[in-house]
Amino acid sequence: KSDYSTICSYLKNCNIPICDFTPGAFIMWHSFYNMEFCVFDNFLYLRDGGSSPSYSIPIGQGDFKKAVSNLLPFANNGKLYFNNVTVDNLLRLRKVFSRKCIKYKFNRDAADYIYIAENMVTFAGKKLSTMRNHVNRFKKDYPDYKFVKMDESNFDRVKNFVKDFSEKKENLSDEAAAEIESIYTLIDNINYTDWCGGFIELDGK
């Protein structure tokens, strides 16, 4: 709980529009990616484990160049790898370090979809017509559906659904299996957070 509060205090103010910089993503994936964190000189450092670890851009207030330089002793064969670097943060790196020493590669497979929250309520416009039609069709096919807010009275019910669902799937990838486990982790820790969750109920199921 104390770790969550510490991480939240930095991530909530980092203004980086990537899901990896949300407390939920850290809780979900910290085991699968062997993620670690530390706070030093008013900056939060996140690292993915493994034989070739990579780091997030230091998050905090103060001397950005010094914060990045603090990681140089951990470089692997003279190279320091950063993940999930936005264009803004790439420009920050280029501003304080020589461009010659910075190389980057765009990974389309790791890109995030960013939606305006209001659009997810109305699904207005041509671009979201597929989503809107899907929702409308669901409401038409299942007029008696209920949205149920998750709480301690139904946590086990949600876990059992996830368990039954995953057992019906064959040849789950390691990442897919880890995502199933991460759902259990989120449920077990939801009371430590300010999150809310819910599920759709049909015919009592």
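**Entry 1, pocket.** I began with the largest pocket and noted a volume of about 1,400 Å³, keeping in mind that the model is a predicted one. I then listed the lining, which comes to 31 residues, and found that Phe82, Asn83, Val85, Tyr104 and Lys105 are the ones that lie nearest the centre of this pocket. Sorting the lining by class, I recorded 20 nonpolar, 6 polar and 5 charged residues. When I asked which element supplies the largest share of the lining, I arrived at helix α4, residues 87-96, with 3 residues.

**Entry 2, chain as a whole.** I stepped back to the protein chain and counted 8 helices and 6 strands, which follow one another along the sequence as α-α-β-β-β-β-α-α-α-α-β-α-α-β. For the extent of the chain I took the C-alpha atoms along the principal axes, and they fill a box of roughly 60 × 40 × 35 Å. Of the 205 residues, 27% count as buried. I also looked up contacts between residues at least 6 apart in sequence, and 56% of these join residues at least 24 apart.

**Entry 3, nonpolar cores.** Which residues of the largest nonpolar core touch the most other members? Among its 14 residues I found these to be Leu11, Phe21, Leu44 and Ile59. The elements giving two or more residues to this core are α1 (2-11), α2 (23-29) and β2 (43-48), and α1 gives the most, with 3 residues. I followed Phe21 further, setting aside its neighbours within four places in sequence, and noted contacts with Leu11, Cys14, Ile16, Ser56, Ile59 and Asn84. I then recorded a second, separate core of 9 residues, which includes Val158, Val162, Ile180 and Phe199.

**Entry 4, strand β6.** Having met Phe199 in the second core, I turned to strand β6, residues 198-201, and asked which of its side chains are buried. Phe199 and Glu201 point to one face and are buried, whereas Gly198 and Ile200 point to the other face and are not. I set beside this the general expectation that side chains in a regular strand alternate between the two faces of the sheet. For the pairing of β6 I looked at strand β5, residues 146-149, and found the two strands antiparallel and joined by 4 bridges. Within this pairing I noted that Phe147 has Ile200 of β6 as its bridge partner, and Ile200 belongs to the face of β6 whose side chains are not buried.

Terms used. Residues numbered from 1 in each chain as written. Predicted model: local features only at pLDDT ≥ 70, side-chain atom pairs only at ≥ 80, totals over all residues. Heavy atoms only, no water. Core = buried A, V, L, I, M, F, W, Y, C linked by side-chain atoms within 4.5 Å. Buried < 20%, exposed > 50% of the residue type's maximum accessible area, 1.4 Å probe, protein only. Contact = heavy atoms within 4.5 Å. 1 Å grid on protein atoms, 1.4 Å probe; cavity = no way out; pocket = protein on both sides within 12 Å on 5 of 7 lines; lining within 4 Å. Points joined across faces, edges and corners; volume = space filled by probe spheres on them. Nonpolar A, V, L, I, M, F, W, Y, C, P; charged D, E, K, R; others polar. Pairing = 2+ DSSP bridges.
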